[in-house]
Each structure stands twice: as structure tokens, then as C-alpha cells.
Amino acid sequence: MTAQMTGHPAAPVLRTRYQESVAAYWDTNRDDPVNLRLGEIDGLYHHHYGVGDYDPSVLAGPADTRDQRVIAEMHRLETAQADLLLDHLGDIAPTDRLLDAGSGRGGTSLMAHRRFGCEVDGVTISEYQVDFANRQAGEWGVADAVRFHFRNMLDTGFDTGSRRAIWTNETTMYVDLSELYAEFARLLPFGGRYVCITGCYNDVTGGRSKAVSQIDEHYTCNIHPRSAYFRALTANRLVPISVVDLTTATIPYWELRAHSSVATGIEEAFLTAYREGSFHYLLIAADRI
Ligand SMILES: C[S@@+](CC[C@H](N)C(=O)[O-])C[C@H]1O[C@@H](n2cnc3c(N)ncnc32)[C@H](O)[C@@H]1O
């Protein structure tokens, strides 16, 4: 992988072998229908999961169009997840600037611009995703306001205090949380907001369960315990204001996905981990002090 420059001269975007392998994963897993077929519905391409109950009627009705209905319903749930994240960003003015850290194919960034009318920068360590998301922003006619960059969220190169709000939508399991939140504390001014949606393992049930380890293995990630989030946030002047346990709300998405033609084989591990209580799906909103 070619090292390109961030805002810091001579700093390579990919610093470690591990980051190279994560970038390679996202650069090469391009054709996964679970992301592409859902995104094609309305041009919002997500790489995250859904929340909320599904409409059971999508599973009834004519068999030849069932899969189409299931896919549309899964997309509705994943877009609802991004809407919920944006609901927690607080008051955002059109003059504010936002950061989508680990932006994937850019769906949440486009939604944020549509909702708030402000500038959004997304960063990802996959060059393929950067190109894809910038093309989408072009197709939406918002390329002047929504921009995607090949940068590392641990060292973005953006100006100190330049972001009114930052979010991570299912990206924190790829990085060291202390390093990440030190960078976010630098980018946010006093009173700036950070919102995270993530899976984390349950300190109360103990270490990584077998199902959580299967998820790590599948995505080349390193799921953190719940406690690690609150330790790293408070150590970096980020004070939680809301914590929402979305575990129950995400189970229907996984049940529906298990019935779909775009299932990838990891559905049972998620369902087991959530149902046995070894894994949570959390939203955390925090303010920079
Ligand atoms: C599961 S995807 C989530 C994408 C997006 N947030 C969404 O909700 O659709 C994880 C993303 O994190 C990015 N990522 C992982 N480590 C990163 C790092 N150190 N810096 C920037 N992005 C990173 C990956 O490239 C990928 O885009």
C-alpha cells in the first residue's frame, strides 16, 4: 500500500501492518452484496447494521419478490441507525464542520449534509472507499461540501478545534481508543460533541466469548470491552451525556438478514453474542470539556 501524506508532512497514512491489513480488507471486499444491493436502492451506501423492528409482511407475500422486499427493509433499518446517530449530534449549524471518522462508502456523511446543510469530511484508510464515496458525493451534487479523504482517524491532520462534532459509526473496533480519543479531543472545541455507535463485549460476562471472537476473526477487528470506552473517553476530556443500549433494537435486523440472500455467514455469531449477553450494541454521546 502506497504511503500518502496526511496533514502532517511525511506521516504515512498506514502506520502498522495491522492497519495495512484492515485497509486491504476494505479495498478488496468491494463486491459484498450486503452493502452494494442495499446501497443501490437510494444511493446511500452503508457499512453498518440496522436498528428497529422489521415489518413481518416482507417475509410473507409472493416468493419471487421476497428477497427484494427483505433487502429494502434491511436498508430502511440501517438508514434508521444512521438517523439515530445524527439525532445525537446536537444543534448543528450550516456553518459547522463535521468529521465522519472511518467513513466507509460515505452514507452517513451524505445524510448528515442533507440534514444539517454543513460541510462534512470523511476519512477512511481504504483508498477504494475514498474514491467510491467521492463519486457518490459527486452524483448527489454535493462534492463541494462532502469530501472523503485517505487519512488515518488516529492522526487526521485537520486543524485543532475545527470540528463541531465527530462520529464513529462502527469503526472503533479497529483502533486503540486512547489514541483515537486523544485525536478527537484535539479536533473538538470545548462543548463539541462526539457520537459513537459500536459493538462492545460485556465486562460482566467476562472476556471475549466464542461468538465475539468469531466476529473479530471475520472482520479482522478487535472488539473492545464496554469499560474501555468510558475509561478512554473520560481520560480524554470527553464526558458521556447519553448511553443507549441498542442491543435489543438491533436483533431484528440480524434475524431478517439471516433470512436474506445477502447473508454472509456471520449472522449466527451476532445473534448468539447478543442473545447470550456477551456483546452489546451501544450508542454513546459525549461532550468535550
Ligand atoms: C464497518 S466500516 C464502517 C463504515 C461507515 N462508518 C459506515 O457506517 O458505513 C469500518 C470503516 O472504518 C475504517 N477504518 C478502520 N480503521 C481506520 C483508521 N485507522 N482510520 C480511518 N478509518 C479506519 C475502514 O476503512 C472502514 O471504512
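## Exercises on a predicted model

His-75 lies in helix H3. The model used in these exercises is predicted.

**Exercise 1.** Determine whether His-75 is buried or exposed, and which residues it touches.

*Solution.* Begin with the accessible area. The relative accessible area of His-75 is 3%. Since buried means under 20%, His-75 is classed as buried. Next, consider the contacts, leaving aside residues up to four places away in sequence: His-75 touches Leu-38, Gly-39, Ile-41, Asp-42, Leu-44 and His-46. For one of these partners, Gly-39, a separation can be given as well. Gly-39 and His-75 are 36 residues apart along the chain, yet 7.4 Å separates their C-alpha atoms.

**Exercise 2.** Test whether the end-to-end distance of helix H9 agrees with the span expected from its 12 residues, and identify what its buried residues pack against.

*Solution.* Helix H9 covers residues 247-258. At 1.5 Å a residue, the expected span is 16 Å. The end C-alpha atoms of H9 are 17 Å apart, so the two values agree. The second step is to list the buried residues of H9, which are Thr-247, Thr-250, Ile-251, Pro-252, Tyr-253, Trp-254, Leu-256 and Arg-257. These buried residues pack against four helices and two strands by name: H2 (33-39), H3 (66-87), H7 (210-219) and H10 (267-276) among the helices, with S6 (238-245) and S7 (279-288) as the strands. Helix H3, one of these partners, is also the helix that holds His-75.

**Exercise 3.** Describe the volume and lining of the largest pocket, then place Glu-170 in relation to its centre.

*Solution.* The volume of the largest pocket is about 770 Å³. Its lining comprises 50 residues, which divide into 23 nonpolar, 20 polar and seven charged. By secondary-structure element, helix H1 (residues 17-28) gives the most to this lining, with four residues. The residues nearest the centre are Trp-26, His-47, Glu-170, Thr-171 and Tyr-174. Glu-170 therefore belongs to the group nearest the centre, and it is buried, with a relative accessible area of 11%. Glu-170 sits in the loop between strand S4 (165-169) and helix H6 (177-187). Its phi is positive, about 60 degrees, although Glu-170 is not a glycine.

**Exercise 4.** Classify two further loop residues, Ser-209 and Arg-237, as buried, partly exposed or exposed.

*Solution.* Ser-209 is found between strand S5 (193-201) and H7. Its relative accessible area is 14%, so Ser-209 is buried. Beyond residues up to four places away in sequence, Ser-209 touches Glu-276 and Ser-278. Arg-237 is in the loop between helix H8 (226-235) and S6. With a relative accessible area of 49%, Arg-237 is partly exposed, because exposed requires over 50%. Phi of Arg-237 is near 65 degrees, a positive value in a residue other than glycine.

**Exercise 5.** Assess whether the radius of gyration of the protein chain agrees with that of a compact globule, and characterise the fold as a whole.

*Solution.* For 289 residues, a compact globule would have a radius of gyration near 19 Å; the protein chain has 18 Å, so the values agree. The C-alpha trace spans about 55 × 45 × 40 Å along its principal axes. Of the 289 residues, 56% are buried. Among contacts between residues at least 6 apart in sequence, 77% join residues at least 24 apart. The secondary structure comes to 10 helices and seven strands.

Methods: Residues are numbered from 1 along each chain as its sequence is written. This is a predicted model: local features need pLDDT of at least 70, side-chain atom pairs count only at pLDDT 80 or more; totals for chains, interfaces and linings use all residues. Side-chain values use heavy atoms; hydrogens and water are left out. The expected span of a helix is 1.5 Å times one less than its number of residues. Buried means under 20% relative accessible area, exposed over 50%, partly exposed in between (1.4 Å probe, protein chains only). Contact means heavy atoms within 4.5 Å. On a 1 Å grid over the protein atoms alone, a cavity is a set of points where a 1.4 Å probe fits but cannot get out, and a pocket is an open set with protein on both sides within 12 Å along at least five of seven lines; lining residues have an atom within 4 Å of a point. Grid points are joined across faces, edges and corners, and a volume is the space filled by probe spheres set on the points. Ala, Val, Leu, Ile, Met, Phe, Trp, Tyr, Cys and Pro count as nonpolar, Asp, Glu, Lys and Arg as charged, and the others, Gly among them, as polar. The radius of gyration is taken over C-alpha atoms; the globule rule is 2.2 Å times the number of residues to the power 0.38.
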